[in-house]
Amino acid sequence: MKSRSTLAAWLRSLGASRLAHVLGTRQDAAFPPQPGSVGELADRLQRPGSVALVLPRLALPHLQVAEALAALGAPASHAALAELLGAADPGSARDLEAVLETLADHALVWPDGAGKLRMVAALRQAWSAPLGLDAPLGELLAGATSEELRVMLRALDVKPPGTKPQRLAALVEHHSDPERIASLVAKAPAAARDLLERQAGAAPGEPPPFIMSGYPGPDPEPGARWALERGLLIQDRHRHGPVRMPAEVMLALRGPGWHAPFHPLVPSVELVSVTPTEVDREASAAATAFAAHAASVLSACSATAPTRLKSGGIGARELARIGKVAQADGNVVRLTLETAYAAGLLDRDGDRVAPTKAYDVWAEQDPPEQYAVLLTAWQNLALTPTEARDEDGKALPVLVGAPPCNGCVQARHGLLAAAALLPVRQGVRDTSDLGRLIAWHRPLADSSPQEETPFAAVIREGELLGVVARGALSAIGIHLRTGDTEGLDVECRRLLPSATATARIGADLTAVVSGTPSARLASLLDSVADRETSGTASVWRFSAGSVRRALDAGRVPEELTADLTAVAAGSLPQPLSYLIADTARGHGRVRIAPAACVLHGDEPALLAELAAHRRLAKLGLRQLAPTVLVSRSPLDTTLAALRAEGYAPVAETAEGTVRVEETRPRRATTPVPAPRGSGARGGGGIAANRTVKERAAVDPSTLAAQLLAAPPTTCEPASSDGRGPFTTETEEIVAGWAKRLVYSDIRQLAYAIDAGQAVTVEYVASSGNRTVRTLSGLMLDPPYLEAWCHLRDAERVFTLSRIHGVMPGR
């Protein structure tokens, strides 16, 4: 390949330091630091996957230059690229050189020996229509015959050369002169001129203004034949499909004043002066609060593992419960759960999400170490956790297992890059301006369409974590961006205080902990008090109910008092000591024992004998009083076991009366059908004979006339709930996929599909939300059902297995 050979030659021409710099930009598996040879490296740079790894990390001007070069059809001259981008003044020319230098550092664009700019073939394929332009004329006419080229040159008043390559070169040379094309179009018929101008002005991605179904033949639009004969429009070789305009013609018609977009300068934002101390102070407060809230959220999940939705993930109800228990904001809860799951602290366990063994190790660490684990997981998180709603405004579950989003990762990296390139001791006045900078540094990053300002969710997460503070990148963010793990640990220990092992317990029955409580302190206070607030300072309140909860868990009053005294900053307040003693005094005065049935009698010796009987041990008898026994076995089982051992117990009803065990013969409850035939006896036989005689008296001709005159009736689906044989193929298909529908609903839905009628269904979306929708225009495409949704007033695709009920259309 010529492109590959020129790339290899350019790589060989680089010095050792420059080549090492090129290799240094490729820190992924596709580009090892030490390739076997320059030719091997050139081969790898030609792979489409390699370009896909680099493009998302390029800034806006780099993508704009690459797209312009792709539109020109590399190899292209430096002057042509500068003219297309409008980079004629010295400042723009220097910016263009800097952008080309960066693209060369990534080995995407390089100069060849003839003074042309070449690009990796895979980079050209990144755009289907760069700048809204089609392929060059030479590529569009590659399959044309020599006679077709001769006809085009004759129409242009150009003498055709002898061979096909010479004719194609002459045609390309003619169309490469913008002034010549503009003059030709100016003399064209009005219909052809209007058609060409509309085609040249079409926005990228729009369909062409007309479709050719055959050629030669009647023009589908006036003026089309004139343009086709002169190569201003090119027809597909198979004589069908859209007519295409060569890139040279489209650029000439756009005029000399049109230039491709080129924005080499970073967008201007309003800056304010900030000192490192101010940034550290705000970053420390945010990081400390997040670490404390994260510990509370995961502690709540450890106490009660959240339940997953049937469709997957943790729903809004569970998220609200966790936030209430942990006293944490919804964004913090979502961010904590996603980062903890990515760090391996949480995992799916059946229908729940439970902490792993790694969580037990994490919970014993100091807040700086805990925070660093979650922060590192956030950097490469393949989603934006705080995006709580979808495009329809519905709440999104957490840990739903959505496909990885590379644009979300690039948005996060773009935030770090944009904040890092701000001037020293400067921060943006309004943090929403960081969204404009992210869009410039990472134009391929994803921003939620429902956000009022671009990348608002990513910026909000950066502020919650203390990565961005006072509109600038904090020391934590700097080390996170560079990947300096040791430096990140040092900054976390500097900005986040260690865990607090003591609490200030007041006479108002509250315990206040400044900073993040240690795992032992938090566990103790959670067991004996109710948490009221969390964050930079956490507050617990003691009550009779909370102390009773600790006693129910097996704690004894003396041990509880000793543990609280050990963690108290001072002496234990007297009101708390009295509360523990009073609660313990009344604890357990009434006991409740589990029992399946109760045995009682007037002879204590007999009941003692039953409790000590070896063969009755399987019943689990336990003596509560001299005349009362309880059994773990049901009443009938206990009754049968005692009788088998020779005793004669009797059973009692719930009212305390003796149960009478009378066995009654069983009788059928289904009515017997009336006998048929002349030999039947009783009134049923007489009625049947009378009906037979009446039917025999009907004249067949009269009956036929009545049947023909009767109005046509529509067969409605049966309402039986039994699984009978399928009457249509549609019923069988629906039954195979809609596993949650009863047979009557299957028939109702199949009938609506076949008859083209509307139907109302009960549908459970992937988020777990249950809605009732009226559908029409049903089209069966197993395992999906395409229909017009009257609730959304749009076409929607529904999964048959998520339809839980069917009703007639409203």
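**Surroundings of Thr288 and a three-stranded sheet**

Apart from its neighbours within four places in sequence, Thr288 is in contact with Leu495, Leu496, Pro497 and Thr516. The model in which these contacts occur is a predicted one, and Thr288 itself belongs to helix H16, which covers residues 276-303. The relative accessibility of Thr288 is 7%, and because buried residues are those under 20%, Thr288 is counted among the buried residues. Within the same stretch of the chain, a polar atom of the Thr288 side chain lies 2.7 Å from the backbone oxygen of Ser284.

A second region of the predicted model contains an open sheet of three strands, arranged in the order E16-E18-E17 with antiparallel pairing. Strand E16 (597-600) and strand E17 (622-625) occupy the edges of this sheet, and each has a single partner strand, so that one side of each remains without a neighbour in the sheet. When direction is ignored, neighbouring strands of the sheet are turned against each other by 30° on average.

The pairing of E17 with strand E18, formed by residues 628-631, consists of three bridges, and the two strands run antiparallel; in this pairing, Arg622 has Val630 of E18 as its bridge partner. Helix H30, comprising residues 604-612, lies across E16, E17 and E18, and the helix runs at about 25° to E18.

Key: Residues are numbered from 1 along each chain as its sequence is written. This is a predicted model: local features need pLDDT of at least 70, side-chain atom pairs count only at pLDDT 80 or more; totals for chains, interfaces and linings use all residues. Side-chain values use heavy atoms; hydrogens and water are left out. Two strands pair if DSSP finds at least two bridges between them. Helices (H or I, at least four residues) and strands (E, at least two) are DSSP runs, numbered from the N terminus. Axes are lines fitted to C-alpha atoms, for helices over the stretch in contact, and angles run from 0 to 180 degrees between N-to-C directions. Contact means heavy atoms within 4.5 Å. Buried means under 20% relative accessible area, exposed over 50%, partly exposed in between (1.4 Å probe, protein chains only). A polar contact is a pair of N or O atoms within 3.5 Å; within protein, one must be able to donate a hydrogen and the other to accept it, and residues adjacent in sequence count only if both atoms are side-chain atoms.
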